[in-house]
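This report goes through a single protein chain, moving from the overall fold to individual residues. Please keep the sequence and the coordinates at hand while reading.

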Amino acid sequence: MGVIDSLGALVRAHPQLRLVAFADLSSSMILASQGPQLVTQEHLERLCREARSSFDDPLFSLTLEAFGEPHAAVLLGEDGVKVFLRSESEPADALCCVCGHGIDLEGFVEQLRETLDS
């Protein structure tokens with residue numbers, strides 16, 4: 001299954017998922033995206049910057065000794081939830097998601113991890 005098909009499968013499996021994007025954090029580029037939310041290139045670039053800054057945040061350094069390298073970040077907002085999941089084997093690869101508040105976060109993140117690993 002290709003990247004677009006994998007992202008599409010996530011959207012079909014999670015109705016609260018508005019947008020999922022596959023990003024290369026090292027170059028700050030969104031390589032592919034899927035979802036019912038209409039987005040501009042500027043929106044995708046901003047989402048990638050948010051993911052990158054989430055993993056580069058100085059506060060994450062406080063957790064390194066206790067938990068190791070961070071591979072996930074969740075941002076809660078009035079308009080929804082943003083989930084960023086970075087690959088453990090290829091730290092530049094990440095999935096960036098915009099979801100509704102009602103998403104089953106545990107099941108969703110598990111499927112995100114499987115998609116990212118494949």
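## Two cysteines

The model is a predicted one, and a pair of cysteines makes a convenient starting point. Cys99 has a relative accessibility of 0% and therefore counts as buried, and Cys97 is likewise buried, with a relative accessible area of 0%.

The structure nevertheless holds 0 disulfides. A disulfide requires two cysteine sulfur atoms within 2.5 Å, whereas the sulfur of Cys97 has its closest cysteine sulfur in Cys99, at 5.4 Å, which is too far for a bond. Seen from the other side, the cysteine sulfur closest to that of Cys99 is the one in Cys97, again 5.4 Å away and too far for a bond.

## Overall fold

The protein is built from 4 helices and 5 strands, and, read from the N terminus, these elements follow the order α-β-β-α-α-β-β-β-α. Of the contacts between residues at least 6 apart in sequence, 50% join residues that are at least 24 apart.

Of the 118 residues in the protein, 38% are buried. The accessible surface amounts to about 6,800 Å², and carbon and sulfur atoms account for 53% of that area.

## Helix H1 and the loop after it

Within helix H1, the residues Ser6, Leu7, Gly8, Leu10 and Val11 are buried. The cover over the buried residues of this helix includes strand E1 (17–24), strand E2 (29–34), E5 and H4.

His14 follows in the loop between H1 and E1, and with a relative accessibility of 11% His14 counts as buried, since the cut-off for that class is under 20%. When neighbours within four places in sequence are left aside, His14 is in contact with Ile103, Gly107, Phe108 and Gln111.

## Strand E2 and the loop before it

Ser28 sits in the loop between E1 and E2, where its relative accessible area of 27% makes it partly exposed. The backbone of Ser28 has a phi near 55 degrees, a positive value in a residue other than glycine. For context, most residues other than glycine have a negative phi.

Gln34 lies in strand E2 and, at 28% relative accessibility, counts as partly exposed. Not counting residues up to four places away in sequence, Gln34 touches Ile4, Leu7, Gly8, Val11, Arg18, Leu19 and Val20; among these, Leu7, Gly8 and Val11 are buried residues of H1. The C-alpha atoms of Gln34 and Leu19 are 5.8 Å apart in space, although the two residues are separated by 15 positions in sequence.

## The largest pocket

The largest pocket encloses about 220 Å³ of space. It is lined by 15 residues, of which Val3, Phe22, Thr115, Leu116 and Ser118 are the closest to its centre. The elements that contribute two or more residues to this lining are helix H1 (3–13), strand E5 (93–99) and helix H4 (105–117).

By residue class, the lining of the largest pocket comprises 6 nonpolar, 6 polar and 3 charged residues. Helix H1 thus appears twice in this account, as a contributor to the pocket lining and as an element whose buried residues are covered by others, including E5 and H4.

Note on methods: Residues numbered from 1 in each chain as written. Predicted model: local features only at pLDDT ≥ 70, side-chain atom pairs only at ≥ 80, totals over all residues. Heavy atoms only, no water. 1 Å grid on protein atoms, 1.4 Å probe; cavity = no way out; pocket = protein on both sides within 12 Å on 5 of 7 lines; lining within 4 Å. Points joined across faces, edges and corners; volume = space filled by probe spheres on them. Nonpolar A, V, L, I, M, F, W, Y, C, P; charged D, E, K, R; others polar. Buried < 20%, exposed > 50% of the residue type's maximum accessible area, 1.4 Å probe, protein only. Contact = heavy atoms within 4.5 Å. Areas by Shrake-Rupley, 256 points an atom, 1.4 Å probe, with all protein chains shown as cover.
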